[in-house]
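Here's a quick tour of the model, written for someone at the bench. Have the sequence and the 3D view open as you read.

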Amino acid sequence: MKIILAQDAGYCFGVRNAVEIAYKTARDHGDVYMLGHIVHNEQVVEDLSRAGAKVVKDLQSVPEGKPVLFRAHGTANPIWEKAREMNMDIVDATCPLVRDIHEEVKNLAEAGYRIFIIGDHGHDEVAGIASQVENAKIIATPDEARKLSKVKRAGVVSQSTQTISNVQEIINVLMTKVHDLRFINTICFPTKRNQEQIINLAKTCDIVIIIGSFTSANSKRLAQLAVQRNPRSYQVTGAKDLDRNWFININTVGISAGASTPDSVIEEVTQIIEKIAKQQNQDVSYG
Ligand code: SF4
């Protein structure tokens, strides 16, 4: 059996950086507080919590004098303002690529464009982007785009982790609605790379395993892209979810993981797949 691990499976550099900052701040200050989970992965959240990086639901719940960490996917302006007003010790782990999206929408709005954001309603990154300008409109699906009235000028960006196909379909609809349309492709390069790699694995491998929490939109999108091309694609949160029947009479397994899946979980899953193959008397090689 050949096991092919996607080259960039797992943490993107923005999430890796934020997790490292969380551990370091917890070490330096005894503990650090975050509004919501730093990554959508239960195991990482548990490890971080043990190290002193704790989740709170609002700024008021951060104990006096303790640092608050703003996560990789950005924080809405009103929360920044409130934290500054409260004179809090803010540790900013916003990914530079998310900051670039904030700059792009501000520039578009200043140039007189109505802002459309292609992204998930209620997602923190999207809320952070929308908070940079007045009256941003969030569009999640081509159907939502179809319901829009005609607009003279619109500037469009996307959430960093959107799929290229969803963005393309929405842009196609917007071309029929907007006279002066400016689109800036803000899907980040780690997301694009991961999507290309999973598509490739799904087309060339007998089965595909996508490792990631079911609460991670990014992992679910990878699983969707794989399953559309290869019905024998399975999302697992860790080695315990693997079913040995999936691996009977197959020659190649492709493995990828969402941007919030830690290396340790990827290694564990890979090792267990190797073990299953050996139990089925198969030689194992890596590609
Ligand atoms: S998914 Fe992209 S934009 Fe988001 S944190 Fe990772 S690198 Fe940054």
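## A parallel strand pair

Keep in mind that this is a predicted model. Let's start with strands β10 (residues 207–211) and β11 (residues 233–236), which run parallel to each other and are paired through four bridges. To find the pairing on screen, pick Ile210 and look across to β11, where Gln235 is its bridge partner.

Helix α9 (residues 217–229) belongs with these two strands: β10, α9 and β11 together form a β-α-β unit, and its hand is right-handed.

## Around the ligand

Now over to the ligand, which has 15 residues around it. Among these, the closest are Cys12, Gly14, Cys95, Ser160 and Cys188. Three helices each put two or more residues into this shell, namely α1 (13–29), α4 (96–110) and α8 (189–204). The largest share is that of α1, with three residues.

What sort of residues make up the shell, by nonpolar, polar and charged? The split is 10 nonpolar and five polar, with no charged residues at all.

## The nonpolar core

Helix α1 turns up again inside the protein. The largest nonpolar core counts 52 residues, and Ala22 and Leu69 are the ones with the most contacts within it. The top contributor to this core is α1, which supplies six residues. The core also takes in at least three residues from each of two domains, domain 2 (13–94) and domain 3 (97–187).

So α1 is worth colouring in your viewer: α1 gives the largest share of the ligand shell, and α1 also gives the most to the largest nonpolar core.

Notes
Residues are numbered from 1 along each chain as its sequence is written. This is a predicted model: local features need pLDDT of at least 70, side-chain atom pairs count only at pLDDT 80 or more; totals for chains, interfaces and linings use all residues. A residue is near a molecule or strand if its C-beta atom, placed from the backbone, lies within 6 Å of it. Ala, Val, Leu, Ile, Met, Phe, Trp, Tyr, Cys and Pro count as nonpolar, Asp, Glu, Lys and Arg as charged, and the others, Gly among them, as polar. Two strands pair if DSSP finds at least two bridges between them. A crossover is right-handed if, with the strands pointing away from the viewer, the path from the first strand over the helix to the second runs clockwise. A nonpolar core is a set of buried Ala, Val, Leu, Ile, Met, Phe, Trp, Tyr and Cys residues joined through C-beta atoms within 7 Å. A residue is buried if 20 or more other C-beta atoms lie within 10 Å of its own, exposed if 12 or fewer, and partly exposed in between; C-beta atoms are placed from the backbone. Domain bounds come from an automatic or database domain assignment.
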